[in-house]
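Here's a quick tour of the spaces inside this model, the packing around them and a couple of backbone oddities. Have the structure open as you read.

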Amino acid sequence: MSGLKTELRELLIEALELEDIAVEDIDPQAPLFGDGLGLDSIDALEIGVAVQKKYNVRLDATSEDTREHFYSIENLARFIESARANGAG
């Protein structure tokens with residue numbers, strides 16, 4: 001799954017055009033929003049679109065679970081792995 005975490009960090013940098021941040025700067029366990037990278041709801045939307053497009057997974061914006069999936073890169077990687085295992089990606 002570490003390869004997936006690296007891919008997700010690269011995707012995040014590309015999708016959000018975070019030119020001053022390197023992959024190594026993003027702790028996979030750190031929160032993406034608030035005190036972590038400081039991303040906002042617009043960033044979440046862009047990340048969601050990029051993740052759905054790249055990994056062909058479905059994210060339900062109204063689900064309480066989605067907030068947990070977006071907590072960190074590690075959680076997002078776990079969600080994608082789970083979706084793939086269940087045939088959703």
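Let's start with the helices around the largest cavity: α1 (2–16), α2 (41–55) and α4 (73–85) each put at least two residues into its lining. Keep in mind that this is a predicted model. From there we'll move to the open pocket, the nonpolar core and a few loop residues.

**The cavity**

- The structure has one cavity of 30 Å³ or more, and the volume of this largest cavity comes to about 40 Å³.
- Its lining is made up of L8, L11, L12, A15, I47, V51, I73 and L76.
- Which helix gives the largest share of that lining? That would be α1, with four residues.
- Chemically, the cavity lining is eight nonpolar residues, with no polar and no charged ones.

**The pocket**

- The largest pocket has a volume of about 440 Å³, and two elements, α2 and α3 (64–69), give two or more residues to its lining.
- There are 17 lining residues here, and F33, A44, T66, R67 and F70 sit nearest the pocket's centre.
- α2 contributes the most to this lining, with six residues.
- By class, the pocket lining splits into ten nonpolar residues, six polar and one charged.

**The nonpolar core**

- The largest nonpolar core counts 24 residues, and the ones with the most contacts inside it are L8, L12, I47, V51, Y55, L76 and I80.
- Helices α1, α2 and α4 each bring at least two residues to this core.
- Some names come up twice: L8, L12, I47, V51 and L76 are among the cavity-lining residues, and they're also on the list of residues with the most contacts inside the core.
- What does L12 touch, leaving out residues up to four places away in sequence? Its partners are E17, L18, I26, L32, L37, L39, I47 and I73.

**L37 in the loop**

- L37, one of the L12 partners, belongs to the loop between α1 and α2.
- Is L37 buried, partly exposed or exposed? It counts as partly exposed because its relative accessible area is 28%.
- Skipping residues up to four places away in sequence, L37 touches L12, I21, I26, P31 and L32.
- One of those partners, I21, is 16 residues from L37 in sequence, with 9.9 Å between their C-alpha atoms.

**Two positive phi angles**

- As background, most residues other than glycine have a negative phi.
- E17 isn't a glycine, yet its phi is positive, at about 50°.
- You'll find E17 in the loop between α1 and α2, and it counts as exposed because its relative accessibility is 63%.
- N56 is the other case to look at, a non-glycine residue with a positive phi near 55°.
- N56 sits in the loop between α2 and α3, and with a relative accessible area of 56%, N56 is exposed too.

**What the record says**

- An unreviewed UniProt entry carries the annotation "domain: Carrier" for residues 2–84.
- In the model, that span is 58% helix and 0% strand, and the C-alpha atoms at its ends are 16 Å apart.

How values were computed:
Residues numbered from 1 in each chain as written. Predicted model: local features only at pLDDT ≥ 70, side-chain atom pairs only at ≥ 80, totals over all residues. Heavy atoms only, no water. 1 Å grid on protein atoms, 1.4 Å probe; cavity = no way out; pocket = protein on both sides within 12 Å on 5 of 7 lines; lining within 4 Å. Points joined across faces, edges and corners; volume = space filled by probe spheres on them. Nonpolar A, V, L, I, M, F, W, Y, C, P; charged D, E, K, R; others polar. UniProt positions renumbered as here; feature names shortened; annotations may be inferred. Core = buried A, V, L, I, M, F, W, Y, C linked by side-chain atoms within 4.5 Å. Buried < 20%, exposed > 50% of the residue type's maximum accessible area, 1.4 Å probe, protein only. Contact = heavy atoms within 4.5 Å.
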